[in-house]
Amino acid sequence: MPSSERNGESAANELPSQRRRLLRPAYHPDRRMKLLYTNFHSGSGGGHTTYIRELARGLSVRHEVHVAAPEESRLLREAREIPGLHAFAQPYPNGLRLRPARRRACARLRAYLEEHRFDIVHVNGSADHRLVIAALRGLQPRPLVVLTKHNTKPMRGLQHAWRARFGTDKVIAVCEFVRRQLSHTPYRRCQPETVYNGVDTAFYSPAEPADRVDTRQLWIGSNAGTADYKGWTDLMAALALLTPDERDRIQVVIAGHPPSAAQREMLARSGLQDRFHFPGLLDDVRPMIARLDAGFVLSHDIETISFACREMMAMGKPVMVTDYAGLPENIRPGTDGWIVPVHGHAAMAAALRDMLNDREDVLRRGKAARDHALAEFGIGTFLDHTEAVYARLLAGAPSLDSEPSPSQDLASTGRLIGEDGHPRRHGPMQMPDMPASSQPVADPPSVW
């Protein structure tokens with residue numbers, strides 16, 4: 001075969017990042033990277049905000065880090081409070097009716113990209129991914145684009161095939177379940193790697209709660225929010241399976257956006273409204289978590305690894321999770337938490353009964369949860385692994401094979417993956433709540 005044909009075939013088989021790297025200056029490991037994080041959420045942003053804020057805060061010590069998020073977002077507000085971090089107000093209009101606004105937003109982002117010439121642009125959702133691809137069109141040398149997959153929503157169709165081929169150089173999965181899911185999508189060409197979310201285990205550390213009047217009461221709770229897919233309403237059905245005396249000894253606390261009218265109506269019909277407490281959106285969830293005996297994240301859709309779960313475990317709280325997506329990857333069953341089936345009301349009730357009857361076991365599991373967090377959930381590991389992905393990408397090195405966490409329950413993770421690589425859903429998809437503000441709601445009800 002003529003050398004020109006061989007060269008043409010080689011170029012055709014190269015990844016987009018390999019072709020674009022030829023246009024970039026050589027990467028040296030000791031050089032400071034220029035990083036841009038984007039996020040489209042205009043309100044609280046949930047786990048996306050936590051993820052980007054912690055990466056940006058930690059890596060800004062070693063690199064030049066910028067964050068581009070909507071003016072009204074919690075992420076931009078918090079980024080502006082971090083010394084050394086560059087915060088840029090950037091909208092991400094989405095939809096055909098917003099085409100003029102989208103053109104303006106694209107021009108604004110393009111100017112910022114041309115001014116700063118980033119090494120990596122790290123996108124975190126479809127809206128910012130699309131706008132970044134549009135703004136980068138024709139820019140040379142072009143930064144490499146990293147996408148983090150934060151949820152279990154399917155990534156099918158021509159638009160994802162196009163983005164994977166022409167607008168994405170690397171994909172990070174936040175758990176092994178998601179990495180396997182991505183291997184059945186067009187993004188498999190971007191060599192997905194697992195980088196587990198990390199939490200600041202010094203910030204989220206055990207704290208002594210205030211003395212309680214009634215020590216017989218079991219306080220369980222969650223800082224994962226009140227969206228329907230979080231599964232907290234399953235606790236109503238689980239509590240209904242307990243005896244009246246057992247129900248009277250359980251208090252449930254859920255931080256996040258106030259419940260919807262439909263959710264409050266459901267609570268009223270159950271007759272359990274006095275068992276549930278909603279302190280609202282909290283800037284600091286630690287005092288609430290400190291008051292709990294145990295936590296829960298009972299999601300049945302969209303969820304991946306859950307920052308909330310890892311924050312509660314870091315504070316020494318054992319957590320009950322469903323066997324959905326990456327949630328079981330957090331827990332060592334029987335050691336630092338409980339894994340129950342999705343919508344498994346009987347199993348949830350049994351776990352609650354065990355908590356009521358053996359408080360010493362709850363304390364033991366809480367200590368084990370803290371030890372687990374220190375060993376595997378630390379922010380330093382999260383930062384180092386993410387930085388290593390960037391460095392390998394810029395240097396053109398091959399990806400490392402992702403390995404399961406030592407605590408990963410491969411059986412429970414695998415059984416929720418269908419033949420096409422997508423999670424088997426339990427009921428209709430619910431879109432997550434996206435609160436308009438991260439400030440606490442006015443006059444939240446007294447919880448304690």
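C175 is buried in this predicted model, with a relative accessible area of 0%. C190 is tucked away too: its relative accessible area is 2%, so C190 also counts as buried. As for disulfides, the count comes to zero, with a pair of cysteine sulfur atoms needing to sit within 2.5 Å to qualify. Below are the cores and one lysine worth a look.

**Nonpolar cores**
- The largest nonpolar core has 94 residues, and Y37, V67, L113 and Y390 are the ones that touch the most other members.
- Helix 16, spanning residues 379-395, gives the most to this core, chipping in eight residues.
- A second core, separate from that one, has 28 residues, including L235, W338, M355 and L356.
- Leaving out residues up to four places away in sequence, Y390 touches M33, L35, Y37, L55, L59, I120, H122 and V146.
- As background, nonpolar side chains tend to be buried together in soluble globular proteins.

**K230 and its surroundings**
- You'll find K230 in a loop, with strand 8 (218-222) on one side and helix 9 (234-240) on the other.
- Is K230 buried or exposed? K230 counts as buried because its relative accessibility is 12%, and the cut-off for buried is under 20%.
- The K230 side chain makes a polar contact with the side chain of E303, at 2.7 Å.
- Setting aside neighbours within four places in sequence, K230 is in contact with A224, G225, L298, S299 and E303.
- E303 therefore turns up both in that contact list and as the polar partner of K230.

How values were computed
Residues are numbered from 1 along each chain as its sequence is written. This is a predicted model: local features need pLDDT of at least 70, side-chain atom pairs count only at pLDDT 80 or more; totals for chains, interfaces and linings use all residues. Side-chain values use heavy atoms; hydrogens and water are left out. Helices (H or I, at least four residues) and strands (E, at least two) are DSSP runs, numbered from the N terminus. Buried means under 20% relative accessible area, exposed over 50%, partly exposed in between (1.4 Å probe, protein chains only). A polar contact is a pair of N or O atoms within 3.5 Å; within protein, one must be able to donate a hydrogen and the other to accept it, and residues adjacent in sequence count only if both atoms are side-chain atoms. Contact means heavy atoms within 4.5 Å. A nonpolar core is a set of buried Ala, Val, Leu, Ile, Met, Phe, Trp, Tyr and Cys residues joined through side-chain atoms within 4.5 Å.
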